[in-house]
Amino acid sequence: MNAWPNRRALDLFGIELPVIQAPMAGATTVDMAIAAARAGGLGSIPSALLSVEQLREAFRQFRLATKAPVNANFFAHVSPPANPTAQMRWRAALAPYYVEAGLDPAVPIAAGGRAPFDSTFCEAVEEFRPEIVSFHFGLPDQVLIRRVKAAGSKVISSATTVAEAVWLEDNGVDAVIAMGYEAGGHRGNFLTHDMATQVGTMALVPQVVDAVDVPVIAAGGIADGRGVAAAMMLGASAVQVGTAYLFTPEAKIPKVHLTAIEAAGDDNTAVTNVMTGHPARGVINRLMKELGPLSEIAPAFPTAALALAPLKASAEAVGKDHFTNLWAGQSARLSPRLGSEELTRRLSDEALAVIAKFSFR
């Protein structure tokens with residue numbers, strides 16, 4: 001067997017292998033995206049922690065290295081209004097940790113954080129014309145979506161429920177990422193914030209496939225060829241893989257993060273909002289244990305992370321992961337230890353072998 005039974009995503013994106021390297025802000029590098037693309041998958045460049053000029057430079061590097069399609073990923077959240085009361089409550093909760101670390105609890109916190117997609121980012125898209133533009137937390141304003149599509153880019157976004165998938169299709173996406181509860185990193189939820197009712201990949205993917213007409217990409221708990229094959233059998237036409245790429249030499253994560261995911265099992269990650277203000281899955285650390293994992297004290301995304309930055313830096317300097325966002329999915333233990341290019345090919349080759357094995361019984 002040498003052909004994929006479902007080519008919808010392959011033909012839509014112009015790629016050879018139905019494997020999308022997840023755009024993990026802060027961990028993904030241009031080298032990782034290039035390697036995944038060279039293997040025949042879809043390399044992704046995240047923008048959430050980049051300036052517009054840094055994003056432009058990432059595009060330039062990618063285009064110099066390969067002519068393969070690229071996915072530019074953006075956050076579509078709405079920046080929250082100033083809320084001094086919530087920030088004071090958060091700073092008070094963190095004050096004992098500051099004192100313990102020998103830091104001043106009243107030190108001014110630097111501004112910044114994850115930036116949502118806006119007209120300036122859109123200008124970079126119009127300039128470099130990435131083949132795919134993906135979004136997290138829904139979609140930006142339709143004016144921006146029309147500009148992205150006019151630049152020739154396909155638009156995709158993440159859904160954590162069937163209702164979100166239908167909403168995305170109604171609002172013009174070319175494909176939907178069905179993000180199961182097993183997935184590491186920030187949840188893509190935008191119509192619901194109830195984590196108690198989030199859906200696992202096995203249940204979510206076929207229901208989204210039945211509910212929408214656009215191609216469906218499976219994400220969450222997929223770290224080897226068996227997971228890829230299972231997703232395809234559920235009706236997905238591609239997969240998005242994140243955690244497995246964190247083990248590649250192209251990943252850029254703190255040493256404490258790598259140590260944590262190397263020891264991660266099936267039951268020591270949790271969905272938390274205390275790291276950034278939005279639910280995200282990661283290996284359980286001290287802050288998650290003591291304040292969360294889900295806490296009403298955490299201020300709105302993305303502001304929670306700002307006050308944590310001094311604590312994170314101080315702890316990492318002595319090899320502690322107490323305040324580091326240790327993003328990982330529930331299948332970290334299944335992840336091969338390979339380079340990004342070889343990993344992308346391995347995921348595809350193993351999946352084809354699994355599908356062939358069971359197709360000819």
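**View 1. Serine 44 of strand S2 stands opposite asparagine 71 in strand S3.** This is a predicted model, in which local features need pLDDT of at least 70 and side-chain atom pairs count only at pLDDT 80 or more, while totals for chains, interfaces and linings use all residues. Residues are numbered from 1 along each chain as its sequence is written, and side-chain values use heavy atoms, with hydrogens and water left out. S2 (residues 43-46) and S3 run parallel and are joined by four bridges; strands pair if DSSP finds at least two bridges between them. Helices (H or I, at least four residues) and strands (E, at least two) are DSSP runs, numbered from the N terminus. Gly43 and Ile45 point to one side of S2, Ser44 and Pro46 to the other, and all are buried (under 20% relative accessible area; exposed is over 50%, partly exposed in between, with a 1.4 Å probe and protein chains only). Together with helix H3 (residues 52-65), S2 and S3 make a right-handed β-α-β unit; right-handed means that, with the strands pointing away from the viewer, the path from the first strand over the helix to the second runs clockwise.

**View 2. Phenylalanine 75 meets phenylalanine 301 in a tilted ring pair.** Rings of Phe, Tyr and Trp (its six-membered ring) pair if their centres lie within 6.5 Å; planes under 30 degrees apart are stacked, over 60 edge-to-face, and the rest tilted. The count by this rule is ten aromatic pairs. Here the centres are 6.1 Å apart and the planes stand at 50°, so the pair is tilted. Phenylalanine 75 belongs to strand S3 (residues 70-75) and phenylalanine 301 to the loop between helix H11 (286-291) and helix H12 (304-317), so the pair ties together parts 226 residues apart in sequence. Both partners are buried: phenylalanine 75 at 6% relative accessibility and phenylalanine 301 at 9%.

**View 3. Tyrosine 97 and phenylalanine 323 form an edge-to-face pair.** Their centres are 5.3 Å apart, with 70° between the planes. The pair links helix H4 (residues 84-100), home of tyrosine 97, to the loop between H12 and helix H13 (340-359), where phenylalanine 323 lies. Tyrosine 97 is buried at 8% relative accessibility, and phenylalanine 323 is buried at 6%.

**View 4. Two arginines place their charged ends over tyrosine rings.** A charge sits over a ring if NZ of Lys or CZ of Arg is within 6 Å of the ring centre and within 35 degrees of the ring normal. Arginine 91 sits over tyrosine 98, 5.8 Å from the ring centre. For arginine 281 over tyrosine 181, the distance is 4.9 Å.

**View 5. Helix H8 (residues 201-211) has Thr201, Leu204, Val205 and Val208 as its buried residues.** Seen down the axis, they fall within an arc of 95°, so they line one face of the helix; the arc is that of the directions from the helix axis to the C-beta atoms. The face turned away from this buried side carries exposed Met202 and Asp210. Packing against the buried residues of H8 are strand S5 (154-159), helix H7 (162-170), strand S6 (175-179), strand S8 (216-219) and helix H9 (225-233). H8 also holds proline 206, which is partly exposed with a relative accessible area of 24%. Beyond its neighbours within four places in sequence, proline 206 is in contact with Thr201 and Leu234 (heavy atoms within 4.5 Å).
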